[in-house]
Each structure stands twice: as C-alpha cells, then as structure tokens.
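User: I would like the labels on this model justified one at a time. Please show it, then start with the cut-offs for accessibility.

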Amino acid sequence: MNKFDCPHCGKPHLMLLDRCPETGEAISVVHKLEGVVLAERYKLEARISEGGMGVVYEARHIKLDRRVAVKLLHPYLRVSTETMKRFENEAR
C-alpha cells in the first residue's frame with residue numbers, strides 16, 4: 001500500500017489516513033501527491049516546503065525535461081476569493 005511522509009511527525013503513513021496517528025493533526029491531500037502528474041505535464045517529485053497557504057513541490061516538466069516548483073493551495077483556502085487573489089499575486 002502507498003505511503004507518504006507525514007508533514008507533522010515525519011514518519012511514513014498510509015495514504016488513506018487523513019490525520020496523523022502520532023499527533024492527531026489533519027493531513028491535507030496536498031501532502032500526498034508525490035509521483036502525481038498534473039495537467040499532463042508536471043510530475044510532482046518531492047515536497048520541498050510548506051507555508052500557511054499551501055505546499056511547494058519540486059516537479060519535472062515532462063516534455064521539456066526541466067525542474068520546476070509547483071505550489072498547491074490548501075483545499076480549505078480555495079473557497080475565499082480574497083485568498084485566491086493573494087495566491088495568484090504570489091505566483092506572479
């Protein structure tokens with residue numbers, strides 16, 4: 001079964017968990033995306049950072065074979081128009 005490294009305790013956990021068994025903290029789906037291909041072009045290779053708004057992954061652009069950074073917004077923040085504008089400004 002697939003595992004991911006927990007952002008709270010650093011230990012590997014099963015992908016099906018939504019809370020860290022060590023700390024009880026919620027685990028967002030954006031922490032479990034290593035190996036996933038987004039938009040048919042970005043393969044997420046490793047989680048490299050996390051902030052209040054989201055998680056940053058080291059990724060590879062598949063067709064161009066270039067390393068890129070991909071930042072994903074935490075799902076619970078996507079409901080706010082103001083937050084989305086801040087995220088877009090940060091991306092620019």
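Analyst: Buried means under 20% relative accessible area, exposed means over 50%, and partly exposed is in between (1.4 Å probe, protein chains only). The model is predicted: local features need pLDDT of at least 70, side-chain atom pairs count only at pLDDT 80 or more, and totals for chains, interfaces and linings use all residues. Residues are numbered from 1 along each chain as its sequence is written, and side-chain values use heavy atoms, with hydrogens and water left out.

User: Why is Lys11 called partly exposed?

Analyst: Lys11 has a relative accessible area of 42%. That value lies between 20% and 50%, so the label is partly exposed.

User: What makes Lys11 and Glu22 a salt bridge?

Analyst: The rule asks for a side-chain nitrogen of Lys or Arg within 4 Å of a carboxyl oxygen of Asp or Glu. In this pair the closest N and O atoms are 3.4 Å apart. That is within 4 Å, so the pair counts. The pair links distant parts of the chain: Lys11 is in the loop between strand 1 (3-5) and strand 2 (12-14), Glu22 in the loop between strand 2 and strand 3, 11 residues apart. Glu22 is partly exposed at 49% relative accessible area.

User: How many salt bridges does the rule give?

Analyst: The count is 5. One of them joins Lys71 and Glu90, at 2.2 Å from N to O. Lys71 lies in strand 6 and Glu90 in helix 1 (residues 81-91), so the pair ties together parts that are 19 residues apart in sequence. Lys71 counts as partly exposed at 31%. Glu90 also gets that label, at 46%.

User: Which residues are linked in a network of salt bridges?

Analyst: Glu45, Arg60 and Asp65. Within this network, Arg60 and Asp65 meet at 3.3 Å, N to O. That is within the cut-off, so the pair qualifies.

User: Do the labels differ, or what makes Arg60 partly exposed and Asp65 exposed?

Analyst: Arg60 has 23% relative accessibility, which falls in the in-between range, so it is partly exposed. Asp65 has 54%, which is over 50%, so it is exposed.

User: How do you know what counts as a helix or a strand here?

Analyst: Both are DSSP runs, numbered from the N terminus: helices are H or I with at least four residues, strands are E with at least two. The protein chain has 1 helix and 6 strands. The order from the N terminus is β-β-β-β-β-β-α.

User: What makes strand 5 and strand 6 a pair?

Analyst: Two strands pair if DSSP finds at least two bridges between them. Strand 5 (residues 54-61) and strand 6 have 8 bridges in the antiparallel sense, so the criterion is met. Val56 stands opposite Lys71 in strand 6. The two strands form a hairpin with 4 residues between them, and Asp65 in the turn has a positive phi of about 50°.

User: How many bridges join strand 4 to strand 5?

Analyst: There are 7, and strand 4 (residues 42-50) runs antiparallel to strand 5. Arg47 has Tyr57 in strand 5 as its bridge partner. This hairpin has 3 residues between its strands.

User: Why is the sheet called open, and which strands stand at the edges?

Analyst: The sheet holds 4 strands in the order 3-4-5-6, with antiparallel pairing. Strand 3 (37-38) and strand 6 (66-73) stand at the edges, each with a single partner strand, so one side of each is left without a neighbour in the sheet.

User: What makes strand 5 mostly covered?

Analyst: In strand 5, 6 of the 8 residues are buried. Over the protein chain, buried residues make up 27% of the 92 residues.

User: Why is Ser28 called buried, and what does Ser28 touch?

Analyst: Ser28 has a relative accessible area of 14%, which is under 20%, so it is buried. Its place is in the loop between strand 2 and strand 3. Contact means heavy atoms within 4.5 Å. Ser28 touches His74 and Pro75, not counting residues up to four places away in sequence.
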